[in-house]
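Here's a quick briefing to keep beside the viewer. Have a look at the sequence and the fold before reading on.

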Amino acid sequence: MKLKTIIQVENLRKAYAQEEAVKGISFSVEQGTLFAFLGANGAGKSTTIEILCTLLKKTSGTVNINGYTLDSSNDNAAIRKSIGVVFQQSLLDERLTVYENIIHRGKMYGLSKQELAENYQFVSTHLNLNEIEKQKYGTLSGGQKRRADIAKALIHRPPLLFLDEPTTGLDPQTRQFVWQTIKRLQEDTNMTVFLTTHYMEEAAMAHKIVVLKQGEIVAEGTPDALKTKYAYDQLALVFHNSLKGTNWLIENNISHTEKQGIFTIRVQSTIHALALLKQAEPLIASFEVIKGTMDDVFIHIMKQEVS
Ligand code: ATP
């Protein structure tokens, strides 16, 4: 089934006084998917997100969001209604309770009393607000704040949620909890989630990844496709006798690297390690089969020169 495109970006550019931060990027995001936007610090992720969220003027290019064209007639207001945004810095009032903060936000969207009640029920259920809604925002833990931030961003029930590094600064357990909440929300409500993250294991759960480097797209695809292209599995061997091991590798024409007695061979997939292990079994003192990860993908892409 072909999914509907909810974000279409064509040849987007943004030049600041000193530099061009975004250099003509094009990509699309399909409705109901989780989309991960990756890149090292300074790659242009925040600049792009701020443009898509109508907070920053683009220099050129076209952006279509939920059927509306950025910077055309009244479309920016319609785009703002179509999106929820959670930035790294929260904008909630520390002195108000979670409930008050969210209701206040809903009123700014001009929701009727009934819509407000229904929508609050929706966000409260999906983000488990029951236990924290009466608490002042300023007293919440990092993970609880994140949940309240996301609830605030969704009170007008937009079809599209932008999250700029939603789990940065959280401890690993809280990070996992917040991440599961986001993933469940996306799956249960078929919402489109556009996120930036520095955590590769999070990106691995996206439907599509776009990697930005110095303002240009240097890789894009599903996590599996990127893994196939940029990561590989390896077999690490320690031989009883390194010299005999080396001879065996040379005789069998197996390319390898060696570091402190550990011989590493690139294999097509982990299963291909089996045949080699069987062949060399009498020579092997120990071995490890290492699966390629999204970290490898990211490191490999970042090492490449931008053309
Ligand atoms: P990070 O992961 O650190 O948030 P990023 O990928 O979001 O980085 P941007 O914040 O978009 O990157 O920055 C891209 C480039 O544009 C950087 O070189 C940055 O210094 C520059 N830049 C960002 N904002 C401005 C601004 N307001 N004025 C001038 N230059 C800017």
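What follows is a short tour of the ligand site, a helix beside it, two pockets and a couple of single residues. Keep in mind that this is a predicted model. The ligand has a shell of 13 residues around it, and the largest pocket has a volume of about 340 Å³.

**The ligand site**

- Of the 13 residues surrounding the ligand, the closest are E19, G42, K45, S46 and T47.
- Sorted by class, that shell around the ligand holds six polar, four nonpolar and three charged residues.
- E19 puts a polar side-chain atom 2.7 Å from an oxygen atom of the ligand.
- S46 also reaches a ligand oxygen atom at 2.7 Å, but through a backbone N or O atom.
- For Y16, the partner is a nitrogen atom of the ligand, which lies 3.3 Å from a polar side-chain atom of the residue.
- How much of the ligand does the protein cover? On its own the ligand has 640 Å² of accessible area, and the protein covers 61% of that.

**Helix α1**

- Helix α1 runs over residues 45-52 and gives the most to the shell around the ligand, with three residues.
- Why is α1 described as largely enclosed by the rest of the structure? Because six of its eight residues are buried.
- Those buried residues are K45, T47, T48, I49, I51 and L52. Two of them, K45 and T47, are also listed among the residues closest to the ligand.
- Just past the end of α1, T54 takes a positive phi of about 70 degrees.

**The largest pocket**

- This pocket, at about 340 Å³, is lined by 18 residues, and those closest to its centre are V85, L91, R105, Y109 and K152.
- Two elements give two or more residues to the lining: β6 (83-86) and α5 (142-154).
- Strand β6 has the largest share of the lining, with four residues.
- By class, the lining of the largest pocket comes out as ten nonpolar, four polar and four charged residues.

**The second largest pocket**

- The second largest pocket has a volume of about 220 Å³.
- Its lining is made up of D224, K227, T228, A231, Y232, D233, R266, V267, Q268, K291 and G292.
- Here the elements giving two or more residues are α8 (223-230) and β13 (262-267).
- Which element gives the largest share of this lining? That's α8, with three residues.
- The class count for the second largest pocket is five charged, three nonpolar and three polar residues.

**Two residues to click on**

- S82 sits in helix α2 (residues 75-82). Is S82 buried or exposed? S82 is buried, because its relative accessible area is 5% and the cut-off for buried is under 20%.
- The side chain of S82 also makes a polar contact, at 3.0 Å, with the side chain of N66.
- K23 belongs to strand β2 (residues 20-30). K23 counts as partly exposed because its relative accessible area is 30%, which falls between the 20% and 50% limits.
- Measuring from K23 to D75 in the viewer should give you a C-alpha separation of 24 Å, for two residues that are 52 residues apart along the chain.

Definitions and conventions:
Residues are numbered from 1 along each chain as its sequence is written. This is a predicted model: local features need pLDDT of at least 70, side-chain atom pairs count only at pLDDT 80 or more; totals for chains, interfaces and linings use all residues. Side-chain values use heavy atoms; hydrogens and water are left out. A residue is near a molecule or strand if one of its heavy atoms lies within 4 Å of it. A polar contact is a pair of N or O atoms within 3.5 Å; within protein, one must be able to donate a hydrogen and the other to accept it, and residues adjacent in sequence count only if both atoms are side-chain atoms. Accessible areas come from the Shrake-Rupley method with a 1.4 Å probe; for residues, only the protein chains shown count as cover. Ala, Val, Leu, Ile, Met, Phe, Trp, Tyr, Cys and Pro count as nonpolar, Asp, Glu, Lys and Arg as charged, and the others, Gly among them, as polar. On a 1 Å grid over the protein atoms alone, a cavity is a set of points where a 1.4 Å probe fits but cannot get out, and a pocket is an open set with protein on both sides within 12 Å along at least five of seven lines; lining residues have an atom within 4 Å of a point. Grid points are joined across faces, edges and corners, and a volume is the space filled by probe spheres set on the points. Buried means under 20% relative accessible area, exposed over 50%, partly exposed in between (1.4 Å probe, protein chains only).
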